[in-house]
Amino acid sequence: MGNIFESVILKESVFLDRNIVSPHYTPKNLPFREKQISDITLVLGNTLKGGRADNLFVYGKVGTGKTVTVRYVLQQLEEFSAQNSSGAETAYVNCRTHNSKYKVLLIALRRFYPDENFIGFSSAFVYEKLLEYANKNKKQVILALDEIDKVKDVDELIYGLNRGNDELKSGGISLIGISNNLLFKDRLDPRTKSSLCEKEMVFSPYNAEELRAILKDRCSKAFVEGAVEESAINCAAAFAAQESGDARTAVMLLLRAGEIADKAESKTVTDSDVRRAKIRVEGEIIFNMIKTLPSQQQLVLYAIASLSAENKGIRRITGEQEKGILFSGEIYEEYRRIAKSIGDNVISSRWYRQYINELEIYGLIVTTHSGKGIRGSTRLIKLGFDAKKIKAALEAEIFS
DNA sequence: CCTCCACAGGAAGCGCAGGAGT
DNA sequence: ACTCCTGCGCTTCCTGTGGAGG
């Protein structure tokens with residue numbers, strides 16, 4: 001009997017390099033983004049001649065390649081700037097984890113003063129330090145702020161940096177804001193908006209044909225040659241294009257499909273593996289969504305799930321008796337009962353309605369307005385996914 | 001036609017936590 | 001360290017809405 005890990009190594013796999021289809025992998029080439037790359041290059045190119053680049057706002061849905069594209073151009077700029085000793089420097093900050101003006105500046109500074117630690121210094125000091133860096137070294141500093149909509153005090157951040165720019169004798173600071181939230185722009189102060197959006201760029205979702213090409217390219221590196229059937233790629237591309245045009249979920253589908261094929265000790269990944277992977281990926285998304293819901297909202301969803309699982313709505317629609325359709329009122333009653341039974345407090349019906357609206361936005365439920373045959377004006381609510389699965393997932397969350 | 005029902009969803013306000021300003 | 005402010009989750013109160021039923 002050998003080492004227990006031997007079987008892992010010896011086991012045959014459809015994967016050549018699993019990393020390449022992992023969600024965290026950054027591809028080396030960016031197909032179908034040539035236009036965006038050259039546009040960004042043009043905007044940033046100004047810094048190589050010592051001028052300030054226009055601020056740039058990049059918008060696009062998740063998985064459209066915003067982040068990788070921007071990072072790629074930044075990295076190219078750094079490289080070129082180092083070789084030609086021109087004064088352009090860049091810093092990339094993900095604002096999801098650094099969600100305030102102070103934290104953003106702090107992370108940016110860490111990039112320019114790697115040996116010093118500014119934690120604990122005042123916001124104004126950190127801010128001055130950044131301006132000073134650009135001024136003293138005559139540097140054109142480019143700050144790329146990913147998920148910029150997550151910054152709580154964006155207005156102050158942008159306004160401050162912009163005003164600082166005017167005070168600089170030499171050097172300059174420009175911003176690249178990246179966001180997948182279209183509403184974000186309208187939320188901004190008009191002055192900040194015009195400042196951040198000196199240049200704008202939209203990344204549109206990939207269509208099925210583009211996704212297919214992307215997947216094909218990735219597969220050739222990630223999987224053993226010939227392991228992924230053409231139909232599997234087409235299937236994954238079609239699913240993802242239909243959903244959102246999101247390259248990340250498309251790649252995720254292939255990763256899971258590969259795992260399924262491995263588990264079945266199959267040498268090839270087929271389209272039915274992709275179909276099964278789709279169900280699993282959906283399950284993961286739902287499960288993650290449920291986990292992050294407020295506990296009271298979980299109870300509301302639980303009420304919907306258990307009512308439709310047992311199919312015991314109090315009143316049924318006259319005539320067709322369609323399965324799984326619930327009345328807003330009876331769900332609230334059930335929710336109250338459950339909340340009381342586990343000794344939780346009960347939210348008001350008004351807020352319950354708010355939760356229902358949110359659940360619909362998340363796609364967990366579907367609602368319609370009551371039409372003929374129903375007394376009063378109410379909403380008919382139906383669960384978006386399998387009741388038993390959601391119920392099971394919720395039970396794990398609530399009663400733990 | 002009017003009234004009642006069973007809700008939908010806007011507006012205002014409240015208590016609280018956490019951050020900014022001093 | 002202190003107050004002040006602000007955003008957030010939520011409640012209370014209220015006005016609409018659209019069909020049932022007398």
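This report walks through a predicted model of a protein chain with two DNA strands, starting with the overall build and ending at the DNA.

**The chain as a whole**

Chain A carries 16 helices and 8 strands. Its C-alpha trace spans about 75 × 60 × 45 Å along the principal axes. Of its 400 residues, 34% count as buried. Among contacts in chain A with a separation of 6 or more, 71% are between residues 24 or more positions apart.

**Helix α10 and its surroundings**

Let's start with α10, which covers residues 230–243. This helix has 14 residues and reaches 20 Å from its first C-alpha to its last, close to the 20 Å expected at 1.5 Å a residue. Which of its residues are buried? They are A232, I233, C235, A236, A237, F239 and A240. As background, an α-helix has 3.6 residues a turn, so residues three or four places apart point the same way. The buried residues of α10 pack against α9 (208–222), α11 (247–263) and α12 (271–292). Just after the helix comes G245, with a positive phi of about 75°.

One spot in this neighbourhood is worth a look on your screen: A257, which sits in helix α11. Buried or exposed? A257 counts as buried because it has 29 C-beta neighbours inside 10 Å, and the cut-off for buried is 20 or more. Leaving aside neighbours within four places in sequence, A257 is in contact with A232, V269, D273, V274 and A277. A232 in that list is one of the buried residues of α10. As for V274, its C-alpha atom is 4.9 Å from that of A257, though the two residues are 17 residues apart along the chain.

**Strands β2 and β3**

Moving on to the strands, take β2 (residues 88–94). Why is β2 described as largely enclosed by the rest of the structure? Because 5 of its 7 residues are buried. Its partner β3 (residues 140–146) pairs with β2 in the parallel sense, over 7 bridges. If you want one pair to click on, V93 has L145 in β3 as its bridge partner.

**Two positive phi angles outside glycine**

Most residues other than glycine have a negative phi. Here are two residues that go the other way.

| Residue | Phi | Citation |
|---|---|---|
| F32 | near 65° | positive, not a glycine |
| K138 | near 55° | positive, not a glycine |

Where do they sit? F32 is in the loop between α1 (6–10) and α2 (34–45), while K138 is in the loop between α5 (123–136) and β3. F32 counts as partly exposed because it has 18 C-beta neighbours inside 10 Å. K138 has 13 such neighbours inside 10 Å, so it also counts as partly exposed.

**The β6-β8-β7 sheet**

Further along the chain, 3 strands form an open sheet in the order β6-β8-β7, with antiparallel pairing. The edge strands are β6 (326–327) and β7 (365–369), each pairing on one side only. Between β7 and β8 (residues 379–383), which run antiparallel, there are 5 bridges. Within that pairing, T367 is matched with I381 in β8. Helix α15 packs on the sheet and touches β7 and β8, its direction making about 115° with that of β7.

**Around the DNA**

Now for the DNA, beginning with strand B. How many residues surround DNA strand B? There are 13, and the closest are S328, G329, G376, T378 and R379. The elements giving two or more residues to this surface are α14 (328–341) and α15 (349–361). Of the elements, α15 gives the most, with 3 residues. So α15, the helix that packs on the sheet, also turns up beside DNA strand B. By class, the surface near DNA strand B has 2 nonpolar, 7 polar and 4 charged residues.

DNA strand C is surrounded by P294, Q296, I347, S348, R350, W351, G371, K372, G373, R375, G376 and S377. The surface near DNA strand C has 3 nonpolar, 6 polar and 3 charged residues. G376 appears near DNA strand C and is also among the closest residues to DNA strand B.

How values were computed. Residues numbered from 1 in each chain as written. Chains lettered and ligands numbered in written order. Predicted model: local features only at pLDDT ≥ 70, side-chain atom pairs only at ≥ 80, totals over all residues. Helix = DSSP H or I, 4+ residues; strand = E, 2+ residues; numbered from the N terminus. Expected span 1.5 Å × (residues − 1). Buried ≥ 20, exposed ≤ 12 C-beta atoms within 10 Å, placed from the backbone. Contact = placed C-beta atoms within 7 Å. Near = placed C-beta within 6 Å. Nonpolar A, V, L, I, M, F, W, Y, C, P; charged D, E, K, R; others polar. Pairing = 2+ DSSP bridges. Axes fitted to C-alpha atoms, helices over the stretch in contact; angles between N-to-C directions.
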